[in-house]
Amino acid sequence: MTTPEVRVSEIVDSVLDGRLASSRACELLTEIPDDVDVEFVRDRDTEIRKLIQRIYADGSALRVHKMTELAVAAAELLGDDWIAHVLLAGASSLIDLGSGSDALSLLDRAEPLLGDNPGLTVFSRRMRLHVLANNGAHEEFDALCPAVIADAEQLAAHIDLAAVLSDKAASLAERGLVVDALHSARAALSARRRAESDPPHKHLTESRLTYHLAQVADQAGQLEEALSALENARLLALSEQDAEFAAWMLSEIGFLWDKMQDRERAEGILERAAREADQVGRKDWAAHWRREVRDDGDLRQAGEETRPTKWARALAILRRQPERLDEAIKLFRECVADARKNHDPVNEADARCNLGFALSRAGQSMQAEMAVRGAILVAQRINDPLREMTYRTNLSRMIFDRLHLEEAREEIESALAIGEKLRAQVVSTEMRQSVAASLANAYDVAVVAAAVSYRPGKWMIAAGSDPDGSEPRPDLLFDLGQRSRAANLVEALRIGAAVERSGEPRLVQAMLALRAADITVELAAAEHTNLTEPIAARTRAAEELHTSARALGVDLGRKAELAGVTELASMLGDGEVLVDLLTVPEGVAVCCLTGDHRTSAGLLGWPIKDRHRLLRRLVRTRRNHLGTSAEDLDDTHAELESALQALDDALLHDIARMVREAAGDDVVRKLVVSPENELFQLPFWRLAALLGDATVSVLPTSAALPVLRERTRSGAKPWLSVAEPTGSLRYTGIDVPADLGYADCPPRADELLAALPGAGRVHFATHGHFQSQSAYRSGLEVSASDATDPLAAPDTRGRTDVELFTAAQVAGRLHLPHCELAVLSACESGLPRQHDASEFTGLPGAFLIAGARNVVASLWPAHDGAAAILMQDFYRHARTEPFSSALAKARAQLAAMSRAEVVRRLGDLDVPVGDQPFACSVFTDCFQHFGVD
């Protein structure tokens with residue numbers, strides 16, 4: 001007779017191979033030999049343990065079910081405890097394989113056999129809860145859950161408790177009870193961390209539970225917590241040596257940024273995730289994250305593990321093969337059905353929205369709207385505000401395209417209300433900017449609807465009256481302009497004003513700590529480093545500032561109210577016109593306001609592709625002209641002037657016309673221009689010549705006008721001058737007239753941080769560097785410091801003797817309570833980050849946040865000699881003129897200056913050819929004035 005171990009394993013293998021019927025196998029396994037002894041029982045025990053291990057390891061639900069029944073038969077000799085263990089192992093494996101109904105039948109059989117074993121009872125009931133949660137049996141789940149949680153807590157069964165709490169979070173989230181779901185997800189992770197042993201299931205590892213927390217936090221609109229949890233899950237996966245899951249977490253981070261409309265950042269992260277997926281052999285993941293799909297022939301030959309999902313296939317068709325929209329529509333409908341079957345409302349909502357987009361592309365507008373409305377209902381049911389906002393924006397665009405303007409306005413206002421509430425809910429600047437970016441599409445629709453002249457069935461890109469329909473709405477446009485951008489900058493200005501009024505040094509330090517912490521979050525996000533600790537530090541800094549303010553009786557409450565048109569008009573003097581510019585895909589919405597409340601508004605047709613094309617052309621022609629040889633000077637000058645004429649024709653002439661419409665018969669003496677997004681790169685000084693030599697100032701947002709106008713600055717000396725540390729710029733030493741009494745300040749970050757808070761003015765004459773990917777790392781060259789400041793940045797050319805005094809250091813380390821003027825005589829010192837939130841992140845914005853009332857900075861590389869002459873004359877006129885007027889007069893003088901005068905002031909080195917060598921706009925228009933004089 002063979003040994004019992006061999007006999008059991010042979011019988012099991014025979015059944016699995018199809019050589020023996022299961023019924024006959026069970027008969028053989030329950031046979032008890034006449035000579036049963038202790039050794040036989042011990043061997044049978046060993047064989048059952050091995051079989052249980054096979055049950056856990058097998059990947060086929062059918063095989064698991066067969067092995068479980070065979071193991072039950074083999075375990076009859078050992079008693080009820082072993083039968084219960086086998087049934088629980090089979091149920092657990094079937095749950096992992098998605099066969100919840102079969103698992104429940106095994107649990108029903110196991111539970112009567114558990115007797116007084118509380119640990120196995122909790123294990124069995126928590127698996128039952130898992131199946132109930134996955135099947136959407138919420139009432140039954142709610143009835144059983146509290147008792148299981150109580151028993152698990154009493155037994156200190158931390159793994160079981162974590163599993164139940166995680167399932168509770170999933171059940172609550174599916175029903176839209178996201179606040180309670182988030183609490184349960186946090187508690188699940190906390191319980192898992194208390195467990196000393198590893199869990200028997202992969203979905204209960206700390207990395208998986210942290211990922212689940214991220215999913216629930218995302219659904220609850222807690223974007224910082226979601227992002228932090230995803231980053232922690234990735235780190236945990238790496239520590240668990242789970243490279244696949246680590247790559248997956250990186251992709252989830254990318255998709256979260258993508259959902260917040262930060263597409264450039266998302267694409268970079270997804271490419272990193274794809275490279276990691278390639279390294280672990282998951283080519284299918286890599287292709288999906290790169291939005292790649294193979295040809296049909298490749299698809300037919302691909303194995304199941306490399307075949308793209310229905311979702312990926314449908315998206316690829318939608319992007320690359322519009323002639324096959326019918327196939328994409330069919331696939332998206334299948335995705336909706338699959339998501340409903342799997343009780344996956346998030347994927348159901350996204351699939352419905354994509355179905356709506358595909359139907360819209362196919363010209364089936366009514367069906368498209370119905371699909372998107374279905375997505376909105378699902379998002380509402382699960383209480384996912386970011387998704388609901390995105391879907392409502394898509395729906396409003398569809399309705400607007402059918403020229404149902406009022407209906408579109410109602411829908412878009414709902415989207416804006418959701419998004420603005422979500423933006424107020426997040427705490428860090430970077431997350432608020434990201435939510436603002438995700439709101440950008442909604443604002444675009446709202447702006448177009450408010451800016452166009454409209455009559456039923458027709459809308460025109462035009463300004464002016466339309467007696468048969470509605471006219472542009474300036475009040476609403478100014479409101480939208482403030483709501484859509486620079487909320488963080490204005491909040492920083494308002495908090496700074498409150499701190500200054502308090503006169504409390506302790507509050508100043510707490511305010512700077514919060515600003516530095518906020519910037520650290522932005523830097524971590526921009527540079528793809530872990531956000532967990534920066535976000536936590538930011539939270540601590542905010543609590544410290546508000547606690548200190550309360551103790552001192554200072555109100556630092558976040559002010560959400562906007563500056564209305566009446567308040568903005570009251571801030572304008574005689575001859576001043578506020579020009580608010582909002583970018584939308586169709587063009588630029590322009591709204592003008594005078595001090596006596598006269599307005600003009602409209603939408604200028606300058607599509608986004610044309611804008612970007614002209615901006616690239618301007619950059620290229622300026623670069624060519626600055627670097628050209630003498631023989632090519634006329635050609636490059638002609639190219640530049642042609643590009644500038646195109647700018648005038650596309651935008652500036654129309655702005656000037658609308659300014660004149662608002663001003664009427666009044667003389668326009670000054671323009672206060674508030675651009676948005678890429679428009680910050682434009683030389684708005686060109687408007688001066690179109691409006692009778694008015695002066696021009698630039699504001700980051702019209703909402704900053706009241707705050708900056710009320711900012712009093714004595715400008716009392718000391719006035720400080722900061723020179724380029726290496727002596728590589730020939731003329732910076734003559735920027736400032738000697739008789740003004742500017743004192744030299746050593747060009748070191750520590751010296752600057754110590755000296756500038758007491759300065760009434762500061763002049764930098766050095767190299768400047770703009771970092772488009774991480775604008776807070778933009779800065780001015782100074783000598784390298786011995787101390788390491790995480791807000792500093794190395795020199796962009798790799799030199800070790802210099803570093804950058806960055807926008808991050810200015811905004812996060814400096815308080816300038818006396819500074820009336822900061823002049824940044826350096827290359828590209830006036831450029832801000834290009835971001836849909838239009839937050840004006842860069843050196844001018846940093847100096848305004850730090851406390852300066854006026855900033856002069858450059859939009860492109862400055863010619864050393866031209867900048868020196870411009871600055872000399874600017875300071876001479878600033879003795880008696882407002883700063884914007886002084887800059888205007890200096891520009892005019894530079895343009896008209898003869899060659900002889902230039903040579904007299906500079907010498908004959910490095911002076912361009914021509915009778916008026918600096919007449920070209922590349923020299924005269926480089927510097928702009930930011931602020932309010």
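These are my notebook entries on one chain, kept in the order in which I looked things up.

**Entry 1: the whole chain**

I note at the start that the model is predicted. I began with the overall extent: the C-alpha atoms fill a box of roughly 120 × 65 × 60 Å along the principal axes. I then looked up the secondary structure and found 39 helices and 17 strands. Of the 933 residues, 58% count as buried. I read the accessible surface as about 37500 Å², with 50% of that area belonging to carbon and sulfur atoms.

For contacts, I took residues at least 6 apart in sequence, and 68% of such contacts join residues at least 24 apart. For charge, I recorded 104 positive and 141 negative side chains. The centres of these two sets lie 2 Å apart.

**Entry 2: aromatic pairs**

I next turned to the rings. A pair of aromatic rings is described by the distance of the centres and the angle of the planes. How many aromatic pairs does the structure hold? I found 13 of them.

I looked at Phe-680 and Phe-840, whose ring centres are 4.7 Å apart. Their planes meet at 40 degrees, so I entered the pair as tilted. Phe-680 sits in the loop between strand E6 (670–674) and helix H31 (686–690). Phe-840 sits in the loop between strand E15 (821–825) and helix H35 (843–850). The pair thus links distant parts of the chain, 160 residues apart. I checked burial as well, and both Phe-680 and Phe-840 are buried.

I then took up Phe-764 and Phe-847. Their ring centres are 6.1 Å apart and their planes stand at 65 degrees, so this pair is edge-to-face. Phe-764 lies in strand E10 (residues 761–765) and Phe-847 in helix H35, so the pair ties together parts that are 83 residues apart in sequence. Both Phe-764 and Phe-847 are buried.

**Entry 3: a ring cluster and two arginines**

I found a cluster in which ring pairs link Trp-719, Tyr-742, Phe-874, Tyr-875 and Phe-883. Which residue lies over the face of Trp-719? I identified Arg-761, at 3.9 Å from the ring centre. I recorded a second such arrangement at Trp-257, where Arg-265 lies over the face of the ring, at 4.1 Å from its centre.

**Entry 4: the surroundings of Arg-291**

I located Arg-291 in the loop between helix H15 (283–289) and helix H16 (296–301). Is Arg-291 buried or partly exposed? Its relative accessibility is 31%, so it counts as partly exposed, since the buried class ends at 20% and the exposed class begins over 50%.

Leaving out residues up to four places away in sequence, I listed what Arg-291 touches: Phe-255, Asp-258, Leu-270, Arg-319 and Arg-320. I followed up Leu-270, which is 21 residues from Arg-291 in sequence and 9.9 Å away in space, C-alpha to C-alpha.

**Entry 5: backbone details**

I noted a cis peptide bond joining Lys-717 and Pro-718, with omega of about 20 degrees. Pro-718 belongs to the loop between helix H32 (704–709) and strand E8 (719–723).

I also looked up positive phi values in residues other than glycine. Gln-241 has phi near 60 degrees and is placed in the loop between helix H12 (223–239) and helix H13 (243–259). With a relative accessible area of 74%, Gln-241 is exposed. His-343 has phi near 55 degrees and lies in the loop between helix H18 (325–341) and helix H19 (345–361). I entered His-343 as partly exposed, at a relative accessible area of 33%.

Notes
Residues numbered from 1 in each chain as written. Predicted model: local features only at pLDDT ≥ 70, side-chain atom pairs only at ≥ 80, totals over all residues. Heavy atoms only, no water. Phe/Tyr/Trp six-rings, centres within 6.5 Å; stacked < 30°, edge-to-face > 60°. Helix = DSSP H or I, 4+ residues; strand = E, 2+ residues; numbered from the N terminus. Buried < 20%, exposed > 50% of the residue type's maximum accessible area, 1.4 Å probe, protein only. Lys NZ or Arg CZ within 6 Å of the ring centre and 35° of its normal. Contact = heavy atoms within 4.5 Å. Areas by Shrake-Rupley, 256 points an atom, 1.4 Å probe, with all protein chains shown as cover. Lys, Arg positive; Asp, Glu negative; His and termini not counted. Charge placed at Lys NZ, Arg CZ, Asp CG, Glu CD.
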